Amino acid sequence: MKNKKMGVLAVLVMLVAVTLNAVGGTYAKYISTYGMTDEARVAKWDFTETSSKNVDLFKNSYTKDGNTVVASSDAWKVIAPGTEGFYQYEVSGTAEVNYKVSNTLKVTNNVKLDNGYDPLEFSVDGITWLSAGDFNTQYATDAATNAIVYPANSKARVGGTIYWRWVFETGRDDLDTQLGEKAVKENLTVSAEIGATVEQTQDAATATTDADGNAIVAKSYVSVTNKLTAEEKAEIVALGYKTDYANVTFNGRELKGTVKEYTDTQLLYWFGVSGSPNYFYALNFDVPAGYKLINTTTPTEKTLVDNTAGADVKTGTVIINLIESQGKFGYKLVNADATDEQSYEIDYSGLTFTPAV
């Protein structure tokens with residue numbers, strides 16, 4: 001019996017050995033694994049309105065020399081001859097995507113008489129003043145022309161200022177009084193929409209950034225005003241310009257008023273013109289860096305202000321030769337390599353030309 005049991009054990013040991021060899025053969029193979037793991041987060045969008053929440057474009061009361069001169073009798077904000085105001089709005093921030101800003105400035109003005117008299121004026125710079133209708137048209141045009149796309153990760157502060165005024169003692173006291181009387185029977189109101197919308201865009205950036213990531217906006221447009229400094233006036237007077245020969249208003253697009261004829265030879269010689277009549281008016285043009293201002297109304301285009309090599313905005317005083325039959329002064333802005341060209345014009349068909357006696 002003992003030998004018999006040992007024989008069975010030997011058989012079992014042999015079976016276990018065969019089984020182990022079979023299992024070991026099953027797991028003996030090559031294995032290679034390839035691939036990677038990636039991860040991303042949502043791009044940041046971080047903008048904050050930094051304007052004052054206390055919007056006081058219009059007020060309940062107004063003071064002059066420390067004394068209250070206009071005051072509302074109820075909860076309404078009011079306006080009156082001699083009052084004015086402004087409001088600054090601003091949004092600042094950054095984003096990890098290209099973005100553009102759409103500023104909103106729109107005025108709705110019902111302060112007018114049935115004959116169309118409207119005393120309120122509006123401005124974005126406190127220099128060029130427009131009626132509500134002209135203001136809305138001009139601002140919409142400027143916003144479309146000067147649209148800016150900011151590059152991803154640039155830091156920008158965007159916004160603007162709106163000004164309004166009702167000029168005191170303009171010689172239209174009777175019409176202003178009629179407005180006040182009309183206001184007794186009906187609400188004559190004016191309102192303004194002010195703000196900015198920031199939105200992502202896939203358009204190419206038109207602004208650049210400095211070393212700190214602040215947006216640098218290249219202003220490829222020209223601004224013009226009839227406000228001259230004393231030094232600028234002295235320079236053009238030395239050329240023969242007469243400041244009292246023009247009684248003109250300018251809203252940025254139109255010249256209105258009266259101008260007198262020049263008959264002395266100094267300015268005529270400087271301009272290279274002869275004959276008569278000749279009329280002139282002086283304007284200041286702000287030309288952006290990298291551009292030149294060209295007069296397109298002359299028989300041959302003439303450069304008025306050259307800032308193609310400049311790094312900053314350049315202001316140039318330009319004396320315009322007004323031609324009564326023409327009615328418009330045309331000019332354009334062109335960059336150094338002529339890849340960007342923008343045309344403008346100033347309408348002076350509303351001027352009254354006074355010939356020399």
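# A tour from helix H2 to strand S20

Select glutamine 138 to begin: apart from neighbours within four places in sequence, this residue is in contact (heavy atoms within 4.5 Å) with Leu130 and Arg253. The model is predicted: local features need pLDDT of at least 70 and side-chain atom pairs count only at pLDDT 80 or more, while totals for chains, interfaces and linings use all residues. Residues are numbered from 1 along each chain as its sequence is written, and side-chain values use heavy atoms, with hydrogens and water left out.

Glutamine 138 belongs to helix H2, residues 132–145. Helices (H or I, at least four residues) and strands (E, at least two) are DSSP runs numbered from the N terminus. Glutamine 138 counts as buried because its relative accessibility is 19%, and buried means under 20% relative accessible area, exposed over 50% and partly exposed in between, with a 1.4 Å probe and protein chains only.

**The whole protein**

Now zoom out to the full model. The protein has five helices and 21 strands, and 31% of its 357 residues are buried. Of the contacts with a separation of 6 or more, 71% are between residues 24 or more positions apart. About 22500 Å² is exposed, with carbon and sulfur atoms supplying 51% of this area; accessible areas come from the Shrake-Rupley method with a 1.4 Å probe, and for residues only the protein chains shown count as cover.

**Tyrosine 62**

Next select tyrosine 62, in strand S2 (residues 61–64). Is this tyrosine 62 buried or exposed? Tyrosine 62 is buried, its relative accessible area being 7%. Display its surroundings: not counting residues up to four places away in sequence, tyrosine 62 touches Asn67, Thr68, Val69, Val70, Val78, Ile79, Thr83, Glu84 and Trp164. With threonine 83, which is 21 residues apart from it along the chain, the C-alpha separation is 7.0 Å. The side chain of tyrosine 62 also reaches the backbone oxygen of valine 78 at 2.7 Å.

**The sheet S7-S5-S9**

Move to strands S7, S5 and S9. In that order they form an open sheet of three strands with antiparallel pairing; two strands pair if DSSP finds at least two bridges between them. At the edges are strand S7 (149–150) and strand S9 (190–200), each of which pairs on one side only. Strand S5 (residues 99–109) and S7 run antiparallel and are joined by two bridges. To see the two strands face each other, select tyrosine 99, which stands opposite tyrosine 150 in S7.

**Helix H3**

Turn to helix H3, residues 173–185, where Leu175, Asp176 and Leu179 are buried. Viewed down the axis of H3, the buried residues fall within an arc of 105°, so they line one face of the helix. The arc is that of the directions from the helix axis to the C-beta atoms. An α-helix has 3.6 residues a turn, so residues three or four places apart point the same way. Rotate the view to the face of H3 turned away from its buried side, and the exposed residues Glu181, Val184 and Lys185 appear. What covers the buried residues of H3 includes strand S8 (155–166).

**Salt bridges**

How many salt bridges does a search of the whole structure find? The search finds six, a salt bridge being a side-chain nitrogen of Lys or Arg within 4 Å of a carboxyl oxygen of Asp or Glu.

Select glutamate 121 and arginine 165, whose salt bridge has its closest N and O atoms 2.7 Å apart. Glutamate 121 is in strand S6 (residues 120–123) and arginine 165 in strand S8, so the pair ties together parts 44 residues apart in sequence. Glutamate 121 is partly exposed, at a relative accessible area of 24%, and arginine 165 is likewise partly exposed, at 24%.

Continue to lysine 332 and glutamate 301, whose side chains form a salt bridge of 3.1 Å, N to O. This pair links distant parts of the chain, 31 residues apart: lysine 332 is in strand S19 (residues 328–335), and glutamate 301 is in the loop between strand S16 (291–295) and strand S17 (302–307). Lysine 332 is buried, with a relative accessible area of 9%, whereas glutamate 301 is partly exposed, with 46%.

Finally, select glutamate 345 and lysine 328, a salt bridge with the closest N and O atoms 3.2 Å apart. Glutamate 345 lies in strand S20 (residues 341–347) and lysine 328 in strand S19, so the pair ties together parts 17 residues apart in sequence. Glutamate 345 is partly exposed at 46% relative accessible area, and lysine 328 is partly exposed at 36%. As a last selection, take Glu301, Lys332 and Glu341, which are joined into one network by salt bridges that share partners.

Terms used. Polar contact = N/O pair within 3.5 Å; in protein donor to acceptor, adjacent residues only side chain to side chain.
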